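Let's take a walk through this fold, one piece at a time. Have the structure open and follow along.

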Amino acid sequence: MKLRYALIGCGRIAPNHIAAVLNHADRLELAAVCDPHPERMEAVLAPVQNPAVQRFTDYRRMLQTVRPDLCAVATESGLHAAIGLDCLQAGCHLIVEKPIALSLADADAMIALAEQKGLVLCACHQNRFNKSIQKIRAAVEAGAFGTLLHGAAHIRWARNEAYYRQAPWRGTWAQDGGALMNQCIHNIDLLRWMLGDDLTQVMAYTDRLAHPYIQAEDLGLAVLKFGNGAYGLVEGTTNVFPNNLEETLYLFGTAGTVKAGGRSVNRIEEWRFAGETDPDGVKAAFSEDPPNVYGFGHTPLYADVIDAIGNHRPAAVDGRAGRRALETVLAIYRSAALNAPVDLPLTDASTLEFEGRFA
Ligand SMILES: NC(=O)c1ccc[n+]([C@@H]2O[C@H](COP(=O)([O-])OP(=O)(O)OC[C@H]3O[C@@H](n4cnc5c(N)ncnc54)[C@H](O)[C@@H]3O)[C@@H](O)[C@H]2O)c1
């Protein structure tokens with residue numbers, strides 16, 4: 001039987017969700033979309049040859065009327081928790097766009113409710129499913145790096161004033177955060193995932209250098225310290241002239257060196273392991289060139305969620321994974337605001353702590 005699916009929020013990232021649903025048409029029935037702006041629902045439904053898809057401007061009415069099995073929330077980030085909790089309360093499995101929420105308390109409430117109700121909760125960090133990243137992760141899990149020593153995540157992108165004016169929630173503390181929380185969180189997630197999740201301390205600077213019309217940072221520089229002795233480096237910005245340059249992840253171990261690059265870590269550019277006989281073959285086989293920085297990851301992420309629902313297991317990128325990415329960014333924000341190292345784990349933190357930081 002197909003799962004009845006509904007998308008809440010029909011903006012910029014919504015077409016990637018609809019494409020993923022269409023790519024899983026054998027398992028998902030696109031039952032409804034929801035957005036306060038009817039024309040956005042029509043735009044996102046343009047590739048869908050199905051007039052039966054219901055449209056709602058009120059997601060609560062949609063939940064009551066349609067009773068979906070699976071919802072995706074792709075609204076502004078500050079609404080993820082409230083809408084996500086309503087979906088879970090209504091008994092829906094949930095894919096929530098990144099970041100999972102803007103406070104750890106909200107993320108914890110979502111994780112607890114999903115567990116209490118036996119529902120799958122997935123944070124949409126789709127780059128984990130890039131061919132390049134899956135290949136690197138397999139090498140980490142196989143111990144091919146030896147001891148991981150350090151890694152680096154560089155996100156050198158550009159966002160102009162038109163991008164922020166298009167959706168005024170972007171760059172605000174209440175609804176978004178800055179470059180690290182919005183654009184860079186994917187690679188920050190990957191860095192932490194690869195280096196062992198057990199993050200113990202963060203030291204950071206953040207600043208708003210070139211976007212005076214947003215509240216939050218457009219540059220973040222951080223050093224991460226892991227419990228296993230490894231270090232991580234984060235350099236994330238939306239200030240690059242004149243457009244997106246690269247999103248790059250380096251990993252250095254005693255027996256391996258890897259670089260994933262391209263616009264959004266879609267290409268393996270260095271693959272050096274003792275005993276590797278065909279590094280160029282690996283680079284060629286595990287590199288892709290997607291049309292934009294969102295990549296091809298939504299479709300395999302949806303495949304994982306469908307499988308997780310069917311097999312009563314957590315999603316590969318579950319709520320706790322989403323919380324770890326959020327915690328990392330909030331720890332960076334706090335370290336920068338305090339001008340001091342911050343120890344992890346954090347029990348409470350929220351973007352609202354930083355209101356007025358660059359005023
Ligand atoms: N995974 C990725 O690579 C990726 C890429 C871009 C954005 N995102 C995330 O996706 C989310 C949306 O970003 P965007 O750039 O598409 O934003 P957007 O502003 O283009 O779209 C958000 C949409 O949500 C709608 N919305 C607001 N309140 C709603 C409600 N109560 N019910 C239903 N719809 C509502 C808005 O009308 C708007 O159409 C953000 O959290 C962002 O961080 C993820």
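What follows goes from the domains to their sheets, then to the core and a few backbone oddities.

Keep in mind that this is a predicted model. The protein chain splits into two domains: domain 1 covers 3–127 + 298–317, and domain 2 covers 129–292 + 324–354. Each is built from two separate stretches of the chain, as those bounds show. Measure from C-alpha centre to C-alpha centre in your viewer and you should get 25 Å between domain 1 and domain 2. Where they meet, domain 1 puts in 18 residues and domain 2 puts in 26. On the domain 1 side, the elements that give two or more residues are α5 (104–117) and α11 (298–310), with α5 giving the largest share at 3 residues. By character, that side of domain 1 divides into 9 nonpolar, 7 polar and 2 charged residues.

Now for the open sheet. Six strands line up in the order β3-β2-β1-β4-β5-β6, with parallel pairing. Which strands sit at the edges? They are β3 (54–56) and β6 (121–124); each has a single partner strand, so one side of each is left without a neighbour in the sheet. Going from one strand to the next, the twist averages 20 degrees. For a look at the β3 edge, find strand β2 (residues 28–34), which pairs with β3 in the parallel sense over 3 bridges. There, A32 has Q54 of β3 as its bridge partner. Helix α4 (residues 80–89) lies across β1 (3–8), β4 (70–73) and β5 (93–97), and its direction is about 170 degrees from that of β5.

Another set of paired strands is worth tracing, and β7 is a handy place to start. Strand β7 (residues 148–156) runs antiparallel to strand β11 (residues 246–253), joined by 8 bridges. Within that pairing, G151 has L251 as its bridge partner in β11. β7 also pairs with strand β10 (residues 231–237), this time in the parallel sense and over 7 bridges; here H150 stands opposite Y231.

From β10 you can step to β9, since 7 bridges join the antiparallel pair, with V223 opposite L233 in β10. The hairpin of β9 and β10 has 4 residues between the strands, and G229 takes a positive phi near 95 degrees in it. One more step leads to strand β8 (residues 199–207), which is antiparallel to β9 and tied to it by 8 bridges; D207 stands opposite L219 in β9. Strand β9 (residues 219–226) also has two distinct faces: G220, A222, L224 and F226 make up the covered one, while L219, L221, V223 and K225 make up the uncovered one.

What holds residues from both domains? The largest nonpolar core has 103 residues, and those with the most contacts inside it are A6, L7, I8, L94, C122, V329 and I332. Helix α12 (residues 319–338) gives this core its largest share, 9 residues. Domain 1 and domain 2 both give residues to the core, so it lies between them. For a feel of the packing, click on A6: leaving out residues up to four places away in sequence, A6 touches A31, A32, V33, C34, M62, V66, P68 and C71.

Finally, some backbone details to check. A cis peptide bond joins F241 and P242, with omega at about -10 degrees, and P242 is in the loop between β10 and β11. Another cis bond runs from L344 to P345, with omega near 5 degrees; P345 is in the segment after β14.

Positive phi also turns up in residues other than glycine. D197 has phi near 70 degrees and sits in the loop between α9 (185–195) and β8. With 14 other C-beta atoms within 10 Å, D197 is partly exposed. N339 has phi near 55 degrees and belongs to the loop between α12 and β14 (342–343). Is N339 buried or exposed? It counts as exposed, because N339 has 9 C-beta neighbours inside 10 Å, and 12 or fewer is the cut-off for that label. N339 and G177 are 162 residues apart in sequence, yet their C-alpha atoms are 18 Å apart in space.

Note on methods: Residues are numbered from 1 along each chain as its sequence is written. This is a predicted model: local features need pLDDT of at least 70, side-chain atom pairs count only at pLDDT 80 or more; totals for chains, interfaces and linings use all residues. Two strands pair if DSSP finds at least two bridges between them. Domain bounds come from an automatic or database domain assignment. Two residues are in contact if their C-beta atoms, placed from the backbone, lie within 7 Å. Ala, Val, Leu, Ile, Met, Phe, Trp, Tyr, Cys and Pro count as nonpolar, Asp, Glu, Lys and Arg as charged, and the others, Gly among them, as polar. Axes are lines fitted to C-alpha atoms, for helices over the stretch in contact, and angles run from 0 to 180 degrees between N-to-C directions. A nonpolar core is a set of buried Ala, Val, Leu, Ile, Met, Phe, Trp, Tyr and Cys residues joined through C-beta atoms within 7 Å. A residue is buried if 20 or more other C-beta atoms lie within 10 Å of its own, exposed if 12 or fewer, and partly exposed in between; C-beta atoms are placed from the backbone.
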